[in-house]
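Q: Please take a close look at the aromatic rings of this model and at what surrounds them. A connected account would be preferred to a list.

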Amino acid sequence: MLLLSRTQPALFFILLCPVNIIGLWWAVGSPLVMDPNSICRKTKRLAGKQAELCQTEPEIIKEVAKGAKLGLRECQFQFRFRRWNCTSHNKYFGKIVQQDIRETAFVYAITSAGVTHSVTQACSMGELIQCGCEATRSRAPPFPTSGPGADGSKWEWGGCGDDVEFGYEKSKQFMDAKRKKGKSDIRTLIDLHNNEAGRLAVKNYMRTECKCHGLSGSCTLRTCWKKMPHFREVGDRLLERFNGAFKVMGGNDGKTLIPVGHNIKPPDKQDLIYSAESPDFCLPNRKTGSLGTKGRVCNSTAMDVSGCDLLCCGRGYREETVVFEENCLCRFHWCCVVQCKKCSVRKELSLCL
Ligand SMILES: *[C@@H]1O[C@H](CO)[C@@H](O)[C@H](O)[C@H]1NC(C)=O
Ligand SMILES: *[C@@H]1O[C@H](CO)[C@@H](O)[C@H](O)[C@H]1NC(C)=O
């Protein structure tokens, strides 16, 4: 059944895919227009944890949808100069998430991370009744050697810390929801691993923020709280994991994953894993979800993935001058208007053949 689902249209995928929010993305339409109501209408057809969440906690679903969008936007930022640029073009995106390649791993991880981030953020903003700021920690670390208190000044937990545990749990409930119990194929194991890696990219990198109290900033006492990393940092970190992703294969029992290759340390929980090599994404291919790179803007002086050599797959590129209007010669008039002129700006672009 599961094998079948990979070659069948959207509906089959939604019904059978064990980890389904990403399937829902493209069943509902572009992830960018995904709204909570349509997620829940679709999940009505599904049993299990997601349908339950839709019924009992619709407000959380709204944050889940926001988180998925946050993840997608970050994916598009991180891959903006690469052959595969995380385009949300439905048909092609759908193909990507049905494979077991590195790109699939990144999409799952960044989505789970986005959901963790959005739900937690909503808690801190007081937008959900189920959660709020993190409960004040009662214990301070005995004698911190770094961070607040290292210099011997007094401090205590307080303020509004991010309750990342809550976001983590909700992301887990929603993203890891399985359609069928006990169904464990290798692909499911890989997806679940990458979901967790995404959540940990948020949860394991909390930072401490503090505020000084005392007369005119004397800082006799500080209040500190935990904040999540900025989502850009989460994206940067997951891109590193993408670059160092581990190839795995299924063990004989069908329940374990074995790293491929000799002398390779096994992946840890934060690593991304995949089991199939990516296509080169040079030419359009419906089967692999590749749009090809013809017409993409490349950088003729860069030697990395954004350089024309790599991005255009050796086909070469052409220069094109584009003209666009920009505000210029802006002047400030007292008070308070800024007046600008319109200038035409010419820009040389290199475009892949
Ligand atoms: C992503 O790639 C597609 C196809 O190659 C292209 O049409 C689209 O403009 C690209 N998006 C960005 C933001 O570069
Ligand atoms: C092109 O690549 C060069 C060298 O890496 C870099 O300095 C420059 O900023 C890049 N240009 C653009 C438009 O990204």
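Over which ring does the charged end of R237 sit?

A: In this predicted model, the charged end of R237 sits over the ring of Y205, at 3.7 Å from its centre. A second arginine, R80, lies over the face of F77, 3.9 Å from the centre of that ring.

Rings also pair with one another, and the structure holds five aromatic pairs. One of these is formed by W84 and F281, whose centres are 6.5 Å apart and whose planes are inclined at 35 degrees, a tilted arrangement. W84 belongs to the loop between α6 (58-78) and α7 (90-97), and F281 to the loop between β6 (273-274) and β7 (284-285), so their pairing ties together parts 197 residues apart in sequence. W84 counts as buried, because its relative accessibility is 5%. F281 is likewise buried, with a relative accessible area of 5%.

A further pair joins F106 and F242: the ring centres are 6.1 Å apart and the planes stand at 90 degrees, so the geometry is edge-to-face. Here the partners come from two helices, F106 from α8 (residues 102-124) and F242 from α11 (residues 231-243), so that parts 136 residues apart in sequence are tied together. F106 is buried, at a relative accessible area of 0%, and F242 counts as buried at 5% relative accessibility.

These residues belong to one assembly: ring pairs link F79, W84, F106, F242 and F281 into a cluster.

Methods. Residues numbered from 1 in each chain as written. Chains lettered and ligands numbered in written order. Predicted model: local features only at pLDDT ≥ 70, side-chain atom pairs only at ≥ 80, totals over all residues. Heavy atoms only, no water. Phe/Tyr/Trp six-rings, centres within 6.5 Å; stacked < 30°, edge-to-face > 60°. Helix = DSSP H or I, 4+ residues; strand = E, 2+ residues; numbered from the N terminus. Buried < 20%, exposed > 50% of the residue type's maximum accessible area, 1.4 Å probe, protein only. Lys NZ or Arg CZ within 6 Å of the ring centre and 35° of its normal.
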